[in-house]
Amino acid sequence: MYRTIRADEIIRTATRLVERVRARFPDSGLAKVAEEILAVARETDERCRLIRRPNLPLRLGVVILIVLGAGLAVLVVRNVRLDEAVWDASNFIQASESLLGDVVFLGAAIAFLVTLENRIKRGRALSAINELRALAHIIDMHQLTKDPEMVLAHHAPTAASPARNMTPFELNRYLDYCSEMLALVSKVAALYVQSFPDSQALAAVDAIESLTTELSQKIWQKIMILDRYSSSVAPMP
């Protein structure tokens with residue numbers, strides 16, 4: 001039960017996060033981002049099923065092509081006539097090079113067909129993982145202007161200044177929601193390689209986890225500053 005990542009639990013967690021963000025920041029862009037994460041989590045569940053599922057028509061087509069290619073090679077070999085001219089040194093070398101080239105070409109073609117299904121699945125997984133990378137950067141953009149100084153000090157705003165109407169508690173909650181969203185993004189990415197251990201897909205998921213961890217560390221630095229400020233202004237007992 002606790003050895004695999006369950007898509008339904010990720011969806012349930014994302015649903016609760018959407019409800020929490022809506023309750024605290026109902027008309028914010030962050031609420032829309034949370035809804036998008038929930039939609040992506042649901043899509044990922046179906047995408048992972050498609051990636052896990054064997055492509056039987058493609059496999060059948062590959063087997064047929066391989067059998068036809070092997071049969072054609074056997075037919076060519078059977079129709080080769082061996083006479084005294086073939087055993088001449090120059091003719092033998094030329095024939096051997098031609099046969100070796102044909103064997104290498106046939107082997108490459110078979111390898112291409114055998115790995116075709118895996119490469120198609122890899123392309124689907126990498127495309128979906130790239131969407132998650134973009135989503136992580138979008139979350140980072142939402143917390144970019146949410147600095148602790150917006151509640152720790154009073155400065156004269158300019159016409160281009162972002163809105164600064166949050167309390168320390170609200171800013172803390174906002175940043176914490178961003179951190180939770182980044183964690184969900186990394187868990188959704190991990191679903192793609194849980195049953196499809198492709199090396200390139202694994203590397204892409206590792207990159208997503210590194211990215212979300214680094215972005216979350218920046219957020220927690222802001223939260224720690226807020227916590228220190230709250231502790232310093234707390235009334236003495």
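From the N terminus on, the elements of the chain follow the order α-α-α-α-α-α-α-α. The secondary structure comes to 8 helices and 0 strands. The model is predicted. The chain has 237 residues, and 32% of them count as buried. It exposes about 15100 Å². Carbon and sulfur atoms supply 62% of that area. Among contacts with a separation of 6 or more, 83% are between residues 24 or more positions apart.

Helix H5 covers residues 116-144 and has 29 residues. From its first C-alpha to its last, H5 reaches 42 Å. This is close to the 42 Å expected at 1.5 Å a residue. Several residues of H5 are buried, including Ala125, Ala128, Ile129, Leu132, Leu135, Ala136 and Ile139. The buried residues of H5 also include charged or polar ones: Glu117, Lys121, Arg122, Asp140 and Gln143. An α-helix has 3.6 residues a turn, so residues three or four places apart point the same way.

Helix H3 spans residues 56-78 and contains Leu60. Leu60 is exposed because its relative accessible area is 54%, and exposed means over 50%. Leu60 also belongs to a nonpolar surface patch. Its partners there are Ile64, Leu65 and Leu68. The patch measures about 400 Å².

Charged side chains were examined next. Side chains of opposite charge can pair when their charged atoms come close. The count comes to 14 salt bridges. One of them joins Glu180 and Arg20, with 2.8 Å from N to O. Glu180 lies in helix H7 (residues 168-194), whereas Arg20 lies in helix H1 (residues 7-24). The pair therefore ties together parts that are 160 residues apart in sequence. Glu180 is partly exposed, at 25% relative accessibility. Arg20 is also partly exposed, at 32%.

A second salt bridge lies within helix H2, which runs over residues 29-52. Here Arg47 pairs with Glu43, and the closest N and O atoms are 3.5 Å apart. Arg47 and Glu43 are 4 residues apart in the helix, so about one helical turn separates them. Arg47 counts as partly exposed, at 26% relative accessibility. Glu43 is partly exposed too, with a relative accessible area of 39%. Elsewhere, salt bridges that share partners join Arg6, Asp8, Glu9 and Arg12 into one network. Within this group, the side chains of Arg6 and Glu9 meet at 4.0 Å, N to O. Arg6 is partly exposed, with a relative accessible area of 34%. Glu9 is partly exposed as well, at 33%.

Helix H2 also holds Lys32. Lys32 is exposed, because its relative accessible area is 54% and the cut-off for exposed is over 50%. Along the chain, Lys32 and Arg22 are 10 residues apart. Their C-alpha atoms are separated by 8.8 Å.

How values were computed:
Residues numbered from 1 in each chain as written. Predicted model: local features only at pLDDT ≥ 70, side-chain atom pairs only at ≥ 80, totals over all residues. Heavy atoms only, no water. Patch = residues over 30% accessible without salt bridge, like charges linked within 9 Å, V, L, I, M, F, W, Y side chains within 5 Å. Areas by Shrake-Rupley, 256 points an atom, 1.4 Å probe, with all protein chains shown as cover. Helix = DSSP H or I, 4+ residues; strand = E, 2+ residues; numbered from the N terminus. Buried < 20%, exposed > 50% of the residue type's maximum accessible area, 1.4 Å probe, protein only. Contact = heavy atoms within 4.5 Å. Expected span 1.5 Å × (residues − 1).
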